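Please open the structure in your viewer and keep the selection panel at hand. The tour below proceeds stop by stop, stating what to select and what is to be found there.

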Amino acid sequence: MSGPPLFYPHGARIAVLTQEVVGILDYLAPEGGVRLGQLVVVPLGPRRVMGAVWGPGTGDFDPARLRPVARLVDAPPLAPEMIEFLTRMGEYTLTPLPLMLRMATRAPDLDQPPSARRVIHLAGAAPERMTDARAAVLQVIAEYGGAGFAPAELAQLAGVSPGVVQGLVKAGTLAETLAPRDLPYPRLDPDLPGKPLAPDQAEAALRLRAAIASRAYGTTLLRGVTGSGKTEVYLEAVAECLRQGRQALVLLPEIALSAEFLNRVEARFGDRPGEWHSGITRGERRRLWTMAAQNHVGMVVGARSALFLPFADLGLIVVDEEHDSSYKQEDTVYYSARDMAVLRASIAGAQVVLASATPSVESWVNAGLGKYARLDLRARYGSAELPEMGTIDLRQQEMEKGRWISPRLAAEIRARKDKGEQSLLFLNRRGYAPITACRACGQQIGCDHCDARMVEHRFQNRLVCHQCGATKPIPVACPSCGVEGKMTAIGPGVERLAEEVAERFPNARASVLSSDLFHSARALKQAISDIGAGETDIIIGTQLVAKGHNFPRLTLVGVIDADLGLQGADMRAAERSFQLMRQVAGRAGREGGEARGLALLQTYQPDHPVIRAILSGQDEEFWDAEAAGRQAAGMPPFGRLAGIILSHPDQPVVEDYAHALARRAAPLQAIGAELWGPAPAPIARVRGRYRVRMLIHAARQAPVQAAISQWLALAPKAPTNLRLAVDIDPQSFL
Ligand code: ADP
Ligand code: ZN
């Protein structure tokens, strides 16, 4: 394959992709020349902006007026492979290239030479005078480890003013020094003995090793129930990749990045991998970015954005819990990290492993069509068995008013508690109560900026909007009728469930796992590891607990409201409910031994097809039926969808514009696509902006992106303040 030249001598005309809206502009190569992909700082009007050398200059801008590159950034250049990936992903997701470049250069301070960077780190004993603010700073250092913080970062993480940090420097507790050069990560040793594998694990590992040794692209769906040993198997694939001298990336849903997982990696390879997620410091981000570019980090474990790290020689991408909806980003750039992992691997000649107990229908179909290889682990590892599953028919239980744990479930919890085992109560609702209403007039409290109800959060003692995050105090008098003292909470959230648990099991230790109750990713990890160590009897959690944690003493899972989510209008409602409940149920009885797990679903509709599918254990039949339904309707992956989301502070403005767009949809008609809408979005107002959606439906092979680009290029001029987003392969229709 012949790409653009890799080097441009002094004075050559080069194209630089800037991070600004203007995109690609021509410049002159600086003294000493410049490499393709080199990050540079270029003049743009009176400003200086960062960009990357993108190829030979092509514009017809007057050569005499071309300006030279101002300076090179002290960072490794983007590889041609990365340039191709960003270009193709930009085309696929219809994302402008400057935004793609920003995603690929998300490491902070890249344009600062190390000599200009200062960091704060621990240097001495605790200060004599301790204040809450000082304690908060020391707490952050303890949580993140001692690698060093940018001065402003430390204050910000601790929620204190920069003066507090400076005070600790003066007191000698902290010191400010120049950042050392970024150090390579410790080498992982793939040849340390792994666990002896069970026969089906060994077979799967063998196949993956062979695939990686081929050094060619391929994708494998690795399916097996929770606890069947998928992680063990893909760690063997990582080992082979490391033996080849190539790099391996393991993507996990953010919240599953537990200490437990890192410990397993350390046990297998003798040291820790590089970590990339919201809980690492700026210094660590920069280090990982530069080391990835130089193959000085063998294995990276990260959240979805780790896919944009500049790996020098990527040989394997594992997407664990591949069906998880957190792999889809739906803001600024709309993309699926799972699908883009496949794109990146196909460019890099790398292998992809998609691991899941409950794959997405898309991956299931791709495996069925032979586009992906498929490996199955059929049983749980060792003596551990799948939990027994059953329903509790709430129509036949005497439920007390204001209580959500049925007598039958309560008895099971008590029995576990007496044996020193853990129970998990699952309710996918954050906060205390989903509705706050006035008993006098029936008015429900809504958000002032969104089309959403406010949710009471009793720990914060406020009402919170889950759309925009706005909060307000719980009113004493009803804002509608003015009657005082009649505001009442309706329905349960995890906080209210915790209250019920405290009342009914006063001697049990309970903990609530909900994303809003932890101030940092680290704090959450700590809570999870405490639970794993057995310091809790009853865990109350949202979907946070469904993901990849090992709680060895957990033998009972109670799903408080299995009906929640069954009724969605979205084509994935059944699939999502199935995945979530399977996954939650799979938390029980992972360790085997005497205690076989039990999962009980509280429901008013025990005969609902999804509930029946979960109980029957006939997963393949369930997916086949879902896939057949999608095929009959021409839905993904048998057909293609793209969402168009428009918003504006004025409802008529956005509606008029959407209709104007819809009237000129000839380019879409030309490829045989249908345009549905415009219609008000199900959540019609968010943050004070009115939202309108359109949905494009086309055949699988139709050139949807090209048609959408043409269509939008012909669009009438947009009113100021209008936002338009294109969501290729949408997952959410809200
Ligand atoms: P999954 O990723 O499919 O949920 P894991 O790989 O986490 O499954 O395995 C479940 C449990 O079984 C873990 O505690 C793991 O350490 C253990 N396990 C899996 N395979 C083996 C093996 N071959 N030898 C010993 N323990 C194993
Ligand atoms: Zn709101």
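## A loop ahead of a helix

Begin by selecting S228, which sits in the loop between β10 (218-224) and α7. This is a predicted model. With a relative accessibility of 2%, S228 counts as buried, because the cut-off for that class is under 20% relative accessible area. Now add V225 to the selection: a polar atom of the S228 side chain lies 2.7 Å from the backbone oxygen of V225.

## Ligand 1 and its shell

Next, select ligand 1 and display its surroundings. Which residues are the closest to ligand 1? They are P196, G227, K230, T231 and R264, within a shell of 16 residues. Helix α7 (residues 230-243) supplies the largest share of this shell, with three residues. By character, the shell comprises four nonpolar, seven polar and five charged residues.

Three contacts deserve a closer view. Select P196 first: one of its backbone N or O atoms lies 2.7 Å from a nitrogen atom of ligand 1. Then select T231, where a polar side-chain atom lies 2.6 Å from an oxygen atom of the ligand. Finally, select R264, which has a polar side-chain atom 2.7 Å from an oxygen atom of ligand 1. On its own, ligand 1 has 560 Å² of accessible area, and the protein covers 85% of it.

## The zinc site

Move on to ligand 2, the zinc ion, and show the side chains of C447, C450, C465 and C468. The SG atoms of these four cysteines coordinate the zinc ion at 2.3 to 2.4 Å. Along the chain, the donors follow the spacing C-x2-C-x14-C-x2-C.

What geometry does the site of the zinc ion have? It is tetrahedral, with angles of 103 to 115° among the four donor atoms. For comparison, the ideal angle for four tetrahedral donors is 109.5 degrees.

While at this site, examine two of the cysteines in turn. C465 counts as buried at 1% relative accessibility. C468 is buried as well, with a relative accessible area of 18%.

## A buried strand residue

Select A599, which belongs to strand β29 (residues 598-603). Is A599 buried or exposed? Its relative accessible area is 0%, so A599 is buried. Then add T391 to the view: the C-alpha atoms of A599 and T391 are 8.3 Å apart in space, although the two residues are 208 apart in sequence.

## Two cis peptide bonds

Select P636 and P637 together. The peptide bond joining them is cis, with omega about 5°. P637 is located in the loop between α17 (619-633) and β30 (639-648).

Proceed to G677 and P678, which are likewise joined by a cis peptide bond, with omega about 5°. Here P678 lies in strand β31 (residues 674-686).

## Two residues with positive phi

For the last stops, turn to the backbone angles. Select E321, in the loop between β14 (314-320) and β15 (328-331). Its phi is near 55°, a positive value in a residue other than glycine. E321 is buried, with a relative accessible area of 12%.

Then select T332, in the loop between β15 and β16 (333-336). The phi of T332 is also positive, near 60°, and this residue too is other than glycine. T332 is exposed, because its relative accessible area is 57% and the class begins over 50%.

Definitions and conventions
Residues numbered from 1 in each chain as written. Chains lettered and ligands numbered in written order. Predicted model: local features only at pLDDT ≥ 70, side-chain atom pairs only at ≥ 80, totals over all residues. Heavy atoms only, no water. Near = heavy atom within 4 Å. Polar contact = N/O pair within 3.5 Å; in protein donor to acceptor, adjacent residues only side chain to side chain. Areas by Shrake-Rupley, 256 points an atom, 1.4 Å probe, with all protein chains shown as cover. Helix = DSSP H or I, 4+ residues; strand = E, 2+ residues; numbered from the N terminus. Nonpolar A, V, L, I, M, F, W, Y, C, P; charged D, E, K, R; others polar. Donors = N, O, S within 2.8 Å, 3.2 Å for Na, K, Ca; no water. Tetrahedral: all angles 85-135°; square planar, octahedral: opposite > 155°, others 65-115°. Buried < 20%, exposed > 50% of the residue type's maximum accessible area, 1.4 Å probe, protein only.
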